[in-house]
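Please examine the model below before reading on. The explanation that follows is meant for a reader who has not met this structure before.

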Amino acid sequence: MEKRAVLFLMASLLLMQIAAATTLEVQKESVEGVVVTELVKNAKFNLIIKNLGETDSFEFYTLVGNVDLLPKGFITIEGGETKTIPLTVIVDEKVRKNYGDYSFAFNIRGQASGITEEKLTIKLARFKESFKISAEDITLDSSEAVFTIENLENYSFENLKVEISSNLVAQTQEISLKPYESVQIKIPLDKEKVRGMTAGTYLATIKLSKDSAKEIYEANIRYLERTGTATKEEGAGFFVISKVIEKKNEGNVIAPVEIAVKKDIISRLFTTFSKTPDKIERKGLVIAYAWRQELKPGESLRVVINTNWLIPMALLLVIIIAALVIKITLTRDLKLKKEISFVKTKGGEFALKVTLKAKASRFVEKIVIIDRLPPLVKLYERFGPIPPQKIDEKTRRMEWQFESLQPGEERILTYLVYSKISVVGKYELPTAMAVYERDGKIHESQSNKVFFLAEQVLTKKEEE
């Protein structure tokens, strides 16, 4: 029995939907069926609804969680009446992350007639792809530069800020664009300035902005020569730079043209050309290349110039890395320097004065300086102003301890060693070591190596 009841209920609902669908004729008209994802403006449609049944009140809603519809509440349509209802489609941020057509189902529910299900499709467009911008060619006689901004979407842009800048013109203004509308912006030219400029292609930068949406576009202004020759230049690449220079005869007479390029003695080593130059001339540190040709109407001379900076950049990078390594090595947190000097004694014993200099280049703390006595010598129990805190006779090791050193602060430690055995030849002393803490990390630093030449009775140092 329960199963039959459920089946009966489902059949009843289906019949209600079919009945509701047959009482309405629905046409959907796109007013602005586009959502520009970076802007807050919503999509707009007109629903043209003819009520084939009795007078009823209808509401519009969708069960799609990311979409909402306006207006809210019920709208009455008389029996036999055709009414146009503006419908606003609101989509959330999750939907705005998509691109292209977005379809969803919505319902028209009559209080008496039941539910009619319809489908609606909006277009999700990106701000940067909503416009096409071009610039007209100019000649020596032109009085203005003309830019065309075309709206590619079924969407109205109000108070669109336009900023145009180039070597030829510069201007800022606001415009409004209806769906699929094109607007021309005419900017007066400074004729005296234009006459002093070389014919060719000039890049104009066009910045469009609306609320938080901003995009930069580029357009080429071709400045034609009087003879009808147009010069086009294109460049691309960073480490491998490719430049294309093309001269085209757009006139109706044979025109002699020349493409000239200058390179310094360094860049020329890494440069190749698509055609062999007709002329190569060196002037000091500059090499001039020239390509010449007589062009018939419609013909063009095209040269591709490639400069590969990868090899010199790689060498420069190696040099920079090596310099940084050397710099880091030389700028230690704590530099430890060891020096020795010969000391004359009354009894003629061999004696040396050892000096340790500890200088901080950065703040360091918990410093322990360790030095060891070399073989064959004994420590003279007489020290400089700062005696060692620890002396281990078994390991022949001495330690000095300091709480901290400020940048540029230095400590000088001295002690004497002697031996009743004469030293002959080269006598080398162990390196000293410093253990310290910086920024919570333990570091070490070693001193230079020192040795004594008994034959010359002098001290030499051997830097690491």
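The paragraphs below treat the core, the strands, the salt bridges and a surface patch in turn.

This is a predicted model, in which local features need pLDDT of at least 70 and side-chain atom pairs count only at pLDDT 80 or more, while totals for chains, interfaces and linings use all residues. Residues are numbered from 1 along each chain as its sequence is written, and side-chain values use heavy atoms, with hydrogens and water left out.

In soluble globular proteins, nonpolar side chains tend to be buried together. A nonpolar core is here a set of buried Ala, Val, Leu, Ile, Met, Phe, Trp, Tyr and Cys residues joined through side-chain atoms within 4.5 Å. Buried stands for under 20% relative accessible area, exposed for over 50%, and partly exposed for values in between, with a 1.4 Å probe and protein chains only. The largest nonpolar core has 36 residues, and those touching the most other members are Phe 127, Phe 131, Phe 147, Ile 149, Ile 206 and Leu 208. Among the elements that give two or more residues to this core are β2 (34-36), β11 (144-151) and β15 (200-210). Strand β16 supplies the largest share, five residues. Strands (E, at least two residues) and helices (H or I, at least four residues) are DSSP runs, numbered from the N terminus.

Further along the chain, three strands form an open antiparallel sheet in the order β19-β22-β21. Two strands are said to pair if DSSP finds at least two bridges between them. Strands β19 (255-264) and β21 (279-283) stand at the edges with a single partner strand each, and therefore one side of each is left without a neighbour in the sheet. From one strand to the next, the twist averages 20 degrees; the axes behind this angle are lines fitted to C-alpha atoms (for helices over the stretch in contact), and angles run from 0 to 180 degrees between N-to-C directions. Five bridges connect β21 with β22 (residues 286-295) in the antiparallel sense, and Ile 280 stands opposite Tyr 289 of β22.

Which strands pair with β25? Strand β24 does so in the antiparallel sense over ten bridges, and β25 (residues 350-360) is also joined by ten bridges to the antiparallel strand β30 (residues 410-419). Strands β24 and β25 form a hairpin with six residues between them, and Gly 348 in its turn has a positive phi of about 80 degrees. Lys 357 is the bridge partner of Lys 337 and is also paired with Ile 412 in β30. Leu 356, in turn, stands opposite Leu 413 in β30. Eight of the eleven residues of β25 are buried, so this strand is largely enclosed by the rest of the structure. Strand β30 is further joined by four bridges to β27 (residues 378-383), again running antiparallel, and Phe 383 faces Tyr 415 of β30.

Side chains of opposite charge can pair when their charged atoms come close. A salt bridge is counted when a side-chain nitrogen of Lys or Arg lies within 4 Å of a carboxyl oxygen of Asp or Glu, and the structure holds 21 of them. In one of these, Glu 153 and Lys 123 have their closest N and O atoms 3.0 Å apart. The pair links distant parts of the chain, as Glu 153 is in the loop between β11 and β12 and Lys 123 is in strand β9 (residues 114-125), 30 residues apart. Glu 153 is buried, because its relative accessibility is 6%, whereas Lys 123, at 31%, counts as partly exposed. Another salt bridge joins Asp 371 to Lys 338, with closest N and O atoms 3.0 Å apart. Asp 371 lies in β26 (residues 364-372) and Lys 338 in β24 (residues 334-343), so this pair ties together parts that are 33 residues apart in sequence. Both Asp 371 and Lys 338 are buried. Asp 333, Arg 362, Arg 438 and Asp 439 are joined into one network by salt bridges that share partners.

The surface also carries a nonpolar patch, whose members include Phe 238, Val 240, Leu 316 and Leu 324, with about 740 Å² of accessible area for the whole patch. Patches consist of residues with over 30% relative accessible area and no salt bridge, joining nonpolar side chains (Val, Leu, Ile, Met, Phe, Trp, Tyr) within 5 Å and like charges within 9 Å; accessible areas come from the Shrake-Rupley method with a 1.4 Å probe, and for residues only the protein chains shown count as cover. Helix α4 (residues 310-330) gives the largest share of the patch, five residues. Leu 316 lies in this helix and counts as partly exposed, because its relative accessibility is 42%.
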